[in-house]
Amino acid sequence: MVIRALFARVVPVDTTLDTPAARSRTNRLIASAPLLLALSIAARLAWTYLTARGANFVDLHVYISGAAALGQPGTLYDYVYADQTPDFPLPFTYPPFAAVVFYPLHLLPFGLVAFLWQIGTMAALYGVVRLSQRLLGGPGDFATTGRRVAMLWTAVGIWTEPLRSTFDYGQINVILVLAVLYAVYSTRWWVSGLLVGLAAGVKLTPAIAGVYLAGARRWAAAGFSAVVFAGTIAVSVWATGDQARRYFTELLGDAHRVGPIGTSFNQSWRGGISRILGHDAGYGLPVLIAIAVTAVLAVLAWRALNSNPSGPDQLGLLLVVELFGLLASPISWTHHWVWLVPLMIWLLQGPYADRRGAKVLGWGWLGLTVIGVPWLLSFAQPTIWQDGRPWYLAWAGLVYIAGVLATLAWMATTRVTSSAAG
């Protein structure tokens, strides 16, 4: 019943279900959404603090302790965190502006920061869901129902693989996704440009949103995002000096510094093809061909979604760009795939929700992310990457990649008719 309520459009529930009994059960479920969300949050915190395999916050340690290195000039990109990862000490891999942003956090007790980080991430996830709903243009008369459905999405979303890894590592991606969604939602060019530029300054991956702004012909916002990003570089130069030059001239293209390319947690084309070949494929011909095919599908999907008679599908168009960015990036860890939450909302509550393809893809993505297929494959990690690895495990590591190709292909062949749009 939780899933059924999630899949319902944000309209009066008693007009969309089959029987009075089903309507009554779903109405009661939606009424209990705050309690279900509270239970989900409590369960997540219990997992973190009461189990042996709870969160280790390794990335949050890197954010904070790496940023603290600013107190010792010239050491930012020499810092490594190895307390919990002795086999692969984790360096500070983010733009220097991120260190400036995170620097004040090292003045607080880490336990307090980690707790507030989790609560803030949960609040940001709810914000991601609400903005996704707003970008779909749901009826304003049913705001209460919309908020409660958003609570249900949040309660379930907490347990999807992108969010599980986000909480486990203490990652920032949910906040960055929230910033990009609000940038698209806002009609003020300076707000949109400011948010995208700042997000890219903290972590480069949100910069792909500039492609959306340009494609949507929001030229002022796109241009201002570039100006703001340049401003973050200027601040970085002022605050870190030679470390900023080192990052942008020496370290930026070194994917191996970020982590092992071949891990099943890397769901980019480069990671997927590397697992099949048994070595880092780099941006060789197989990877470039795969990215080119994805780009063609993305362009066709953009054109299809942009032809909606009732106007451009903002959320759908943004998702086309973000999905392409995830596959084209050298590394797309599972915690980068927070975009799958808005994607599932778009598929199951958006303009194509009544179509079989949307339901199949929506259910499929939900199943993949709740199960956590890359996580399951990680238990066979040595056999995937080393000599003698079973071919079927290596190919199974394309799971998110194959899902994106299927999604983009379906988008490219889907149209909203004039009558449906009305």
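**Exercise 1.** Work out how much of residues 392-412 is helix and how far apart the end C-alpha atoms are.

*Solution.* Start with the secondary structure: this stretch of the predicted model is 90% helix and 0% strand. Helices here are DSSP runs of H or I with at least four residues, and strands are E runs of at least two. Next, look at the ends: their C-alpha atoms sit 29 Å apart. Finally, check the record: an unreviewed UniProt entry lists 392-412 among its "transmembrane region" spans, though such annotations may be inferred rather than shown by experiment.

**Exercise 2.** Now do that for residues 29-50.

*Solution.* The span is 95% helix and 0% strand, and 28 Å separates its end C-alpha atoms. UniProt includes 29-50 in that list too.

**Exercise 3.** Which residues of α3 are buried, and where do they lie around the axis?

*Solution.* First, get the helix: α3 covers residues 33-50, 18 in total, and reaches 25 Å from its first C-alpha to its last. Then pick out the buried ones (under 20% relative accessible area, 1.4 Å probe, protein chains only; exposed is over 50%): Ala33, Leu37, Ser40, Arg44, Leu45 and Thr48. They cover an arc of only 130° around the axis, so they share one side of α3. On the other side, Leu35, Leu39 and Leu50 are exposed.

**Exercise 4.** What is the mean pLDDT of the protein chain (the predictor's confidence in each residue, from 0 to 100)?

*Solution.* The mean is 90, and 90% of residues reach 70 or more. Then watch for the weak spot: over residues 9-17 the pLDDT is below 50.

**Ground rules.** Local features need pLDDT of at least 70, side-chain atom pairs count only at 80 or more, and totals for chains, interfaces and linings use all residues. Numbering runs from 1 along each chain as its sequence is written, and side-chain values use heavy atoms, leaving out hydrogens and water.

Key
Expected span 1.5 Å × (residues − 1). Arc of directions from axis to C-beta. Contact = heavy atoms within 4.5 Å.
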